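Visitor: Could you guide me through this structure, one question at a time?

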Amino acid sequence: MKIGIIDADLLDNGTRHPNLALMKISGYMKEMGHDTSLLLNYNDVYNYEKIYMSKVFSFTDVPLDYRQFPDIEYGGTGFFEDGGENLPQDIEHHMPDYQLYDPYIAAKIAQGAKPNTYSDYVDYSIGFTTRGCFRKCDFCVNKKYNHVFRHSPLTEFLDKNRKYIYLWDDNIMGYNKWHEVFDELEATGKYFQFRQGLDIRLMTDEKAKRLKTLKYKGDFIFAFDHIQDKELIQSKLKLWRKHINKTTKLYVLCGFDSTNTYDETFWVSDIINTFERIKILMQFGCLPYIMRYERYKTSPYRGMYINLGRWCNQPNIFKKMSFNNFVDRNQELAKTPRPCSAKRYADSFRLRYPNVAQKYYDLRFEDLNQYK
């Protein structure tokens, strides 16, 4: 058969990462003797006997009434909150087709794109060594499994010709035989990283010592989603810093209310809690990465969430400037006596809640960092 593959995220907004499920489908179908092609637009769907389509993000637009096409199979968290049906075992455990995106990459480079833009597509072996997470966080789509289990050996998706490895494991720290996975990674001699981040709440001395010896690529990434975890996160970061001084980032979720209230009290409390988590991370020499839940767009303080993201998510700025410094710098760059948007947002919140501004606006990473 002539089979078409549609990465809907790629066609809509573009995406940094290839779609692993689609690469597995393509690899399996090629082994079965079929001809698979990555579609670069939706105009060609009529030229294929079978179409497989996937999207990761719910906001990705699909300008096609795909439900009217009996030959189109679709899945992924963009279509189904839990991702939909699992792939058949023969496909799930098949070597990904790492050449699937080559025509797309070649076309983009021919249009002037820099080759290193597509490093994730060409330099990395990609897969899951474990699956599942027991946390069941309200804001997370990963609720299909209630425990962490071994999914596949590294050899199942390892391309020895690729320089690096990245892993989509949901919560490797929650796997009781995590050291076996680390042994496999170490044996490859390749640099690797966990793209979903690691669960700092499950960190131990043993795990930290082992991570220190491995070829970990890039920054270590954890998460600090709830201020209620403050004491636990602080104790684990203290343990972490005993062994590792490498750049460490933590996702800081904001704009999410598990009670679905979203009133003035929530929005103000959420901004305060976000600032407090940023302060704690400063003290441990860690970088916050602001993750804004979509609902923040409905907040009367939407601008403050934008400011916090722009300040924290640019490490070179965050390390050198307080929130006030960041706002003032934006005003300077605006080159106008009228307040720029960043200053309007900050001043408006300061006017309503001066005590909050006084407590947090002047905090500086270099002043609070205890692990210089």
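**Charged pairs, sheets and helices**

Visitor: Is Lys24 buried or exposed?
Guide: The relative accessible area of Lys24 is 6%. Buried means under 20%, exposed over 50% and partly exposed in between, with a 1.4 Å probe and protein chains only. Lys24 is therefore buried.

Visitor: What kind of model is this?
Guide: Residues are numbered from 1 along each chain as its sequence is written, while side-chain values use heavy atoms, leaving out hydrogens and water. Local features need pLDDT of at least 70, side-chain atom pairs count only at pLDDT 80 or more, and totals for chains, interfaces and linings use all residues, the model being predicted.

Visitor: Which residue meets Lys24 in a salt bridge?
Guide: A salt bridge places a side-chain nitrogen of Lys or Arg within 4 Å of a carboxyl oxygen of Asp or Glu. The partner of Lys24 lies 2.7 Å away, N to O, and is itself buried at 12% relative accessibility. This residue is Glu92.

Visitor: How many residues apart are Lys24 and Glu92?
Guide: Helices (H or I, at least four residues) and strands (E, at least two) are DSSP runs, numbered from the N terminus. Lys24 is in helix α2 (residues 20–31) and Glu92 in helix α3 (residues 89–92). The pair thus links distant parts of the chain, with a separation of 68 residues.

Visitor: Which helix holds both Asp347 and Arg350?
Guide: The two side chains meet in a salt bridge of 3.4 Å, N to O. Asp347 is partly exposed at 27% relative accessibility, and Arg350 is partly exposed at 28%. Being 3 residues apart, they are separated by about one turn of helix α13.

Visitor: Which strands stand at the edges of the sheet β10-β11-β12?
Guide: Two strands pair if DSSP finds at least two bridges between them. This open sheet of 3 strands has parallel pairing, and 6 bridges join β11 (residues 248–254) to β12. Each edge strand has a single partner, so one side of it is left without a neighbour in the sheet: these are β10 and β12.

Visitor: At what angle to β12 does helix α10 run?
Guide: Helix α10 (residues 302–312) packs on the sheet and touches β11 and β12, where contact means heavy atoms within 4.5 Å. Axes are lines fitted to C-alpha atoms, for helices over the stretch in contact, and angles run from 0 to 180 degrees between N-to-C directions. The direction of α10 makes with that of β12 an angle of about 145°.

Visitor: In the other sheet, which residue of β2 is the bridge partner of Gly4?
Guide: This open sheet of 4 strands has the order β2-β1-β3-β4 with parallel pairing. Strand β1 (residues 2–7) is joined to β2 by 4 bridges. The partner of Gly4 in β2 is Ser37.

Visitor: How is α6 oriented relative to α7?
Guide: Helix α6 (residues 178–188) packs on helix α7 (residues 205–213) at about 5°, with the axes 11 Å apart. Angles under 35 degrees count as roughly parallel, over 145 as roughly antiparallel, 65 to 115 as roughly perpendicular and the rest as oblique. The two helices are therefore roughly parallel.

Visitor: How many residues in the contact of α6 with α7 are charged?
Guide: Asp, Glu, Lys and Arg count as charged; Ala, Val, Leu, Ile, Met, Phe, Trp, Tyr, Cys and Pro as nonpolar; and the others, Gly among them, as polar. Among the contact residues are Asp183 of α6 and Lys207 of α7. The contact holds 3 nonpolar residues and 1 polar residue, and the number of charged ones is 5.
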